[in-house]
Amino acid sequence: MAQYRVVSGSVALITIQNPPVNALRAAVREGLFNTIKRASSDPQVRSVVLSGHNGTFCGGADIKEFGNVSLPGPHLVEIFQLMEDLVKPVVAAIEGFALGGGLELALACHYRIGHSKAKVGFPEVNLGLFPGAGGSQRLPRLVGVPAALDIIITGRHVAAGEALKLGLLDRVIDQNTVDAAVTFSKIQKCTSPPISGKPLDNHRLGNRPCPPLENMDAFFEEAMKRVHSRARGAVAPITCVQAVRGAATLPFHKGMELEKMLLGTLFNSAQAQASQYCFFAERAGARWSMPSGARWDTCKAKPISTAAVIGLGTMGRGITVALARAGLSVVAVETQEHQLAEAQRAVSRMLKGGGRVSYSPDLQAAAEVDLVVEAVFEDMAIKEKIFKQLSEVCKPGTLLTTNTSTLDIDRLASCTRDPQLVVGMHFFAPAHIMRLLEVVYGPRSSPEAVATAMQLGKRMGKVSVAVGNCTGFVGNRMLKPYLEQANFLLEEGATPELVDAALEEFGFPMGVFKMSDLSGLDVGWRVRKEEGLTGPGVTAGQPMRIRHGRRYSPLGDLMCEEGRYGQKTGSGWYLYDKPGGRVARSDPWLRNFLEQYRARHGLVARRISQQEVLERCLYALINEGFRVLEDGIAASPQNIDAIYVFGYSWPKHRGGPMFYASQVGLARVLEGLNHYHQAHPDVPHLEPCSLLRRLVASGSPPINKWSEVVKGHRSQL
Ligand SMILES: C/C=C(\C)C(=O)SCCNC(=O)CCNC(=O)[C@H](O)C(C)(C)COP(=O)(O)OP(=O)(O)OC[C@H]1O[C@@H](n2cnc3c(N)ncnc32)[C@H](O)[C@@H]1OP(=O)(O)O
């Protein structure tokens with residue numbers, strides 16, 4: 001776990017060996033502790049170099065160990081102190097990543113040499129933690145408070161060049177880092193100037209004061225204000241500020257005590273558990289499987305080097321950028337000339353002149369590509385026509401994919417020569433920024449087609465999740481009951497402001513009504529028209545608030561009939577200063593409109609609490625999530641949660657809807673749904689689904705055991 005060798009006559013080379021990222025699990029910590037002691041007492045050794053096996057220094061503490069009540073083996077703080085106190089110079093040779101505990105380890109060394117491609121950082125904040133093994137105290141002493149706070153709060157990866165400028169690395173080199181560190185360590189032995197009588201003391205960060213900061217109180221007050229406004233209820237970023245303030249104001253040992261106390265408040269917190277769950281959920285999608293038994297490790301992806309994007313609206317442009325940035329040569333096709341010219345300008349701007357993109361008004365331009373992403377208007381008839389044409393135009397073997405957000409993949413596949421080559425690639429706006437990609441397979445999609453789309457998603461840096469085919473797939477299918485509840489709440493007396501405030505306080509960056517205004521109310525209106533829920537397709541005499549025997553809210557339709565499409569028209573659920581304006585203001589017109597609507601339908605407004613808003617919106621969404629699992633549309637609750645965190649901005653510190661349900665308690669969610677369904681029997685989405693009932697009946701097992709209850713329930717696919 002920590003290999004010890006004496007090299008170059010007098011240098012102890014300690015190499016951490018725990019693939020794939022050399023995480024500091026108990027055996028590694030034990031190994032480090034023992035090898036440092038050995039280096040200390042080995043008379044042959046005059047300096048020490050610390051490195052990581054296989055080109056990665058260290059990915060930090062082993063996150064899988066965090067659930068344990070008490071971690072076995074020596075504690076990181078103890079190891080790092082032992083290392084810092086060593087009387088022989090210790091040099092970290094950083095290749096690949098030094099993250100979290102890995103960077104803390106490097107900071108406990110006396111010198112740090114990094115490869116030019118190395119990256120360092122403190123991503124703990126993404127795990128609901130902060131660098132609590134000395135990192136919050138040593139980094140500010142090395143690079144100063146502002147730079148340290150930025151690195152700790154953002155959790156970003158710092159490239160070697162920047163780290164050198166900050167003084168975080170002593171040297172950056174292009175050659176063999178370990179060899180360079182060995183040579184460097186031998187020189188240090190001779191030249192390090194002694195301070196306070198002890199050589200190396202000025203390289204022991206624990207001995208250094210923090211560089212002074214003018215207006216310290218104002219600096220931290222401002223930092224805290226900024227963090228509060230951005231954290232959306234997450235506690236870890238706030239703790240980062242508190243810990244760094246400790247470094248700036250306290251002696252090292254007192255700062256370490258503060259750090260320990262603060263870490264204690266976070267370590268087993270619900271937020272930390274949720275964030276760490278998200279870390280693994282993000283990666284779980286890569287291990288996809290299909291109901292046929294096809295799996296990620298048995299299917300090979302086709303090589304893809306060229307792609308075509310059909311339709312250059314907002315989505316098509318973003319997809320073009322994402323594909324080009326992944327190194328593909330892209331043909332962007334748009335039949336409307338003015339749209340094509342505009343898209344060309346927009347894509348070039350986003351790509352800043354880079355990328356290989358050509359433009360054409362003719363579908364024929366897609367003839368030779370390996371893969372097509374269709375991103376035209378959400379209209380089945382238009383999409384069917386395009387798929388038919390593509391099937392004729394494209395070379396045999398071209399993968400035909402669609403960016404539809406709800407429509408039937410199988411119906412599109414049936415328009416083509418090779419339905420096995422058709423899958424959905426559902427991007428989220430803006431497509432070059434949002435991390436999620438839903439890869440949708442129909443009953444005829446081949447495992448190779450799925451493997452190829454998943455592989456392409458990875459190349460684009462997406463969190464890709466393979467899901468089954470149904471209306472709305474996973475994300476939008478679950479969103480429907482959530483939106484529906486929000487509209488019902490308006491009918492019953494809530495305002496958009498009340499509903500949005502509850503959801504934003506929960507941690508969403510935007511409440512449901514602000515989000516609808518941003519996406520455009522007309523999008524859903526068009527879908528509802530297609531579904532015959534509104535517009536000419538509705539049977540004459542149908543009551544306005546009932547469809548197919550269920551409660552229906554026509555509020556969104558009425559808003560669109562008034563021309564209120566949201567931000568783009570300058571008014572929607574809120575008022576904006578101009579079409580395209582971004583700042584939402586309350587609109588007295590809407591208050592009036594809701595009052596008149598309620599009066600017309602004999603509805604009496606009542607006081608609605610934030611708790612009711614959350615329970616009705618979120619439980620309805622979660623209930624649909626259980627149905628999605630039951631139907632086999634998603635393979636696991638982790639996949640659903642990744643979709644919600646990375647596609648719908650569900651707050652990471654709440655772990656995704658299914659994890660949130662497990663934290664709230666399945667019995668409580670069931671009870672809540674039963675309660676609201678009794679009050680609203682004409683709303684089927686509030687009726688608890690059978691999987692939720694069965695899970696509660698089997699004692700509410702932990703989320704990683706749900707699959708055992710789902711098993712046995714026949715998949716629809
Ligand atoms: C107090 C807290 C302290 C002291 C801490 O140190 S908390 C941990 C801080 N470190 C991190 O948050 C780093 C987490 N890891 C990553 O960001 C990335 O894995 C990486 C940048 C180091 C490498 O990325 P990449 O090459 O894309 O590889 P993967 O992310 O796919 O990871 C490969 C597998 O390794 C598992 N892994 C990664 N880091 C850890 C870790 N710190 N502990 C446990 N396991 C880790 C990851 O889950 C992948 O596993 P599989 O999915 O392949 O099973």
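Glu392 is exposed, with a relative accessible area of 61%. In this predicted model, Glu392 belongs to helix 14, which spans residues 380–393. Its C-alpha atom lies 50 Å from that of Ala160, and the two residues are 232 positions apart along the chain.

Strand 3 presents the opposite case. Six of the six residues of this strand, residues 47–52, are buried, so strand 3 is largely enclosed by the rest of the structure. In a regular strand the side chains alternate between the two faces of the sheet. In strand 3 both faces are covered, with Ser47, Val49 and Ser51 buried on one side and Val48, Leu50 and Gly52 buried on the other.

The pairing of strand 3 involves two neighbours. Strand 2, residues 11–16, runs parallel to strand 3 and is joined to it by six bridges. Within this pairing, Gly52 of strand 3 is the bridge partner of Ile16. Strand 4, residues 90–94, also pairs with strand 3 in the parallel sense, here over three bridges. Leu50 stands opposite Ala92 of strand 4. A right-handed β-α-β unit is made by strand 2, helix 1 (residues 26–41) and strand 3.

A further sheet is open and consists of three strands in the order 5-7-8, with mixed pairing. Strand 5 and strand 8 (158–159) are the edge strands, each pairing on one side only. Strand 5 runs parallel to strand 7, residues 119–121, and three bridges join them. In this pair, Leu99 stands opposite Gly121 of strand 7.

The surroundings of the ligand comprise 23 residues, of which Gly59, Ala61, Ile63, Gly101 and Arg283 come nearest. Backbone and side-chain atoms both take part in the polar contacts of the ligand. A polar backbone atom of Ile63 lies 2.9 Å from a nitrogen atom of the ligand. An N or O atom in the side chain of Arg283 is 2.8 Å from an oxygen atom of the ligand. For the side chain of Arg287, the corresponding separation between an N or O atom and an oxygen atom of the ligand is 3.1 Å. The ligand taken alone exposes 980 Å², and the protein buries 75% of that area. Strand 5 (97–99), helix 3 (101–108) and helix 11 (270–284) are the elements that give two or more residues to the shell around the ligand. Helix 11 provides the largest share of this shell, with three residues. Strand 5 thus appears both in the ligand shell and at an edge of the three-stranded sheet.

The cysteines were examined with a cut-off of 2.5 Å between sulfur atoms, and the count of disulfides comes to zero. The cysteine sulfur closest to that of Cys240 is in Cys210, at 15 Å, and this is too far for a bond. Cys240 counts as buried because its relative accessibility is 1%, the limit for burial being under 20%. Cys415 is likewise in no disulfide, and the nearest cysteine sulfur, that of Cys394, is 14 Å away.

Methods: Residues are numbered from 1 along each chain as its sequence is written. This is a predicted model: local features need pLDDT of at least 70, side-chain atom pairs count only at pLDDT 80 or more; totals for chains, interfaces and linings use all residues. Side-chain values use heavy atoms; hydrogens and water are left out. Buried means under 20% relative accessible area, exposed over 50%, partly exposed in between (1.4 Å probe, protein chains only). Helices (H or I, at least four residues) and strands (E, at least two) are DSSP runs, numbered from the N terminus. Two strands pair if DSSP finds at least two bridges between them. A crossover is right-handed if, with the strands pointing away from the viewer, the path from the first strand over the helix to the second runs clockwise. A residue is near a molecule or strand if one of its heavy atoms lies within 4 Å of it. A polar contact is a pair of N or O atoms within 3.5 Å; within protein, one must be able to donate a hydrogen and the other to accept it, and residues adjacent in sequence count only if both atoms are side-chain atoms. Accessible areas come from the Shrake-Rupley method with a 1.4 Å probe; for residues, only the protein chains shown count as cover.
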